[in-house]
Amino acid sequence: MTIRRWQEMMRRYNSNRLLPVKVISSCPSNCKVRFDFAVSRGEAYIHDYAEQYISTVAPMLVPDYNRDGDANDVDMLDYGNSRTLYFWANTDTWKGDDTFTQYSGLPRLWPMTLTPNCDDMDVNGRNDLVNLCPFRVDLTDFVREWGTVGVRYEFYTDRPGTVRFVPVRAKWAEVDKIVKETQKTIANIDLDSARLMRTYYGANGLETGYLLPEEFISLGSSKAGVMAMEFAGIGFFHPRIVVRSVSTGEKLFESSVAVVVHDVHDMFRWVNLEYSCGEETDPQYDDRLDVYWPDSEHADANVVFVHGYNVHPSEAWDWAQAMFKRLWWSGMDAGFTAVLWRGNESQVWVPGKNCYATINYHQNVLNAFCTADDFADSVNWLPGAKKYMVAHSLGNMLVSAARQFYGLEYEKYLMLNAAVPIEAYDPTGSVTTVSKFCMTPEEWRPYPERVRASHWYELFLDDPGDARRTLTWKGLFKDVDNTVNFYSSKDEVVANGDGSWKWPLTRDLAWYNQERARGFYLVSFSPQAGWQFGDNYQNEELIGVSDGEPVYRYTKYTPEQTANITDSELKTCPFFKGFSDHRIYGAGGGELVATNAYVRWYALSHGIPAESFSAGANPVPKWGPTLTVSLSDATNTVNRMIRNVNMATNCVPKGVEELPWVHSYFIQNSMFDTKILFEELVRQIGSTRFEPATGEEQNE
């Protein structure tokens, strides 16, 4: 271009005649910018040039954008492309290493009020680590050129007090360990018990930067040094490192990263289905469908989490954010949706125990069935071509019913501690001699199966049109597919009983006790069917006379006498205590069960006992063998196809034989103890963080 054109451009861009030139480099390197010019002055022809040498350096502050555990060249490329990091404010109330043991060692589920973790300057135990965002600090290029004597390196946060931080001795390739494992800070304190720091405003109203200690700066030579940050409020932030001259205070260089911080509940969808059971919902738990996490907006997948029994809406809220954070840190690049349903009807707060207790289990089984239709509609409507179900405990009853009966669409279904009898999925290989003996109360064992409530459906098998043949757990969810059953042999809630009677209102053996107590008022609040003896078949014995009137004693038929009861009689007049809806016995009983879903689900949930153990403590036989090695070692395609996984033995760190993986272990313990499970869930979902198996692995 001509000199005149150059001068015009200079004036247009900048009054001080300095042309702004931006150089973008994909890697640290060197380059030379050369400006050639020529001009004629009379007969003289003048040619000259100017050169500027430029060294491009690695950015000083880089987050692990893709959450693969390594702040590497991929993340630096994202930084160079001006990618914004999205994170959450630490309003979490979970403290300590175990959510259930806080405050003087008392067992404490989710108390009514707890202060947010950001109210103090502590890292509140391992449960709080997921709320720290690690940033790689790389000053290697600057230290090599400028050293640490004539310059100083300062860290700024934009909003003192809102951003807290602590320097950590972590390898750049292991930044995820800050979230999942105990690390040492630069002060040699375990990170999970560390105190956070903050910057301040000086007398001039400007932020006073934190002077990075030389021992922290020097970590860069061994590819280490991480700044872990906590955000106490929402907004737009630019954490940055500034290099200044010691002698003049002049800013020599500055590097920042763009961070947008939201309330975590604005980063995933929340669907409230309590209305499905006729409940008036609390407005504070209304649907929240607007999402401010762009990664999920553009994903073609959606992970749907469903909580279980005895979960208060406020607990479900906390469970949802804990699941989201742990899956997010494990590399989930799908959208996330949490579903609230009425699984806590009859729930009360127990002050002495500092926990919630839901008395009527069977009513909440019914609620799961009654919610299934709306659940299927809501999930099918969600964005994302592929849906992945993750359900815990009784939430699996809801998801399974939605799939079997109401057209729920999903890519894969990941079951956690399912409070569902195995026979519902596998009617042939699940009811064993041992399970049938243990699940049958002692007083019923001498009686033939044909007179039990669990076998009443068999009386109608000869009539394909009679829907009463469906009043059984056997094969109820036989078509539920694409599952992985994460069960635990150490589960205390859905554990296998030994055949003896236990007090039903306890956490230990709760599912087993509830199954054996079906039909009793104390447990189900609807004494029907189940393991109650009816009064239709009794022996009458004259035992005396009172006031001139005979007095009789009535005793139920002996097991031998039941042989005289015909099948036709049992259809209309069962040996067990009858269903509360007597229309079931009439001529139109089959049509009633077929056309009125509530009647069917009520009879099944309150009146029909299971004869198999739960899927939450056992493998489902028809889904194949259980994984035989820890998931930390299971990297080949064959192992990934296993559909029964014992979390107590397979979701443990290398060198550990098994863990006390109780019913809610996956949520009550921090990521330190559960990271293998969450990483496996993300593998099953199909995150791009985990590379596909190689050909060699596939051949295995």
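Which residues in α8 meet which residues in α15? In this predicted model, select His362, Gln363, Val365, Leu366, Phe369 and Cys370 in α8, and then add Tyr598, Trp601, Tyr602, Leu604, Ser605 and His606 in α15, which they meet. With both helices displayed, α8 and helix α15 (residues 597-607) can be seen to cross at roughly 145°, their axes coming within 8 Å, and the crossing of α8 and α15 is right-handed.

Stay on α8 and select phenylalanine 369 together with phenylalanine 477. The two rings form an aromatic pair that is tilted, with 6.4 Å from centre to centre and 35° between the planes. Because phenylalanine 369 lies in helix α8 (residues 361-381) while phenylalanine 477 lies in the loop between α10 (433-439) and β25 (483-487), the pair ties together parts that are 108 residues apart in sequence. Phenylalanine 369 and phenylalanine 477 are both buried.

For a second pair, move to phenylalanine 533 and phenylalanine 575, whose ring centres are 5.9 Å apart and whose planes stand at 85°, so that this pair is edge-to-face. Phenylalanine 533 sits in the loop between α12 (521-524) and β26 (538-546), and phenylalanine 575 in the loop between α13 (567-572) and α14 (589-595), so that the pair links distant parts of the chain, 42 residues apart. Phenylalanine 533 counts as partly exposed at 21% relative accessibility, whereas phenylalanine 575, at 2%, counts as buried.

Next, select Phe87, Trp88, Phe231, Phe237, Phe268, Trp293, Phe324, Trp328, Trp329 and Phe336, which form one aromatic cluster. Keep tryptophan 328 in view and add arginine 67, which lies over the face of that ring at 4.5 Å from the ring centre. Another arginine to select is arginine 126, which lies over the face of phenylalanine 672, at 3.5 Å from the ring centre. Over the whole structure, a search finds 47 aromatic pairs.

The last stop concerns the cysteines. How many disulfides does the structure hold? It holds 0 disulfides. Return to cysteine 370, which is in no disulfide, and display cysteine 277 beside it: the sulfur of cysteine 277 is the nearest cysteine sulfur, at 5.7 Å. A disulfide requires the two sulfur atoms to be within 2.5 Å. Cysteine 370 is partly exposed, with a relative accessible area of 23%, whereas cysteine 438, which can be selected for comparison, counts as buried at 6% relative accessibility.

Terms used:
Residues numbered from 1 in each chain as written. Predicted model: local features only at pLDDT ≥ 70, side-chain atom pairs only at ≥ 80, totals over all residues. Heavy atoms only, no water. Buried < 20%, exposed > 50% of the residue type's maximum accessible area, 1.4 Å probe, protein only. Phe/Tyr/Trp six-rings, centres within 6.5 Å; stacked < 30°, edge-to-face > 60°. Helix = DSSP H or I, 4+ residues; strand = E, 2+ residues; numbered from the N terminus. Lys NZ or Arg CZ within 6 Å of the ring centre and 35° of its normal. Axes fitted to C-alpha atoms, helices over the stretch in contact; angles between N-to-C directions. Left-handed = near helix turned anticlockwise from the far one by under 90°. Contact = heavy atoms within 4.5 Å.
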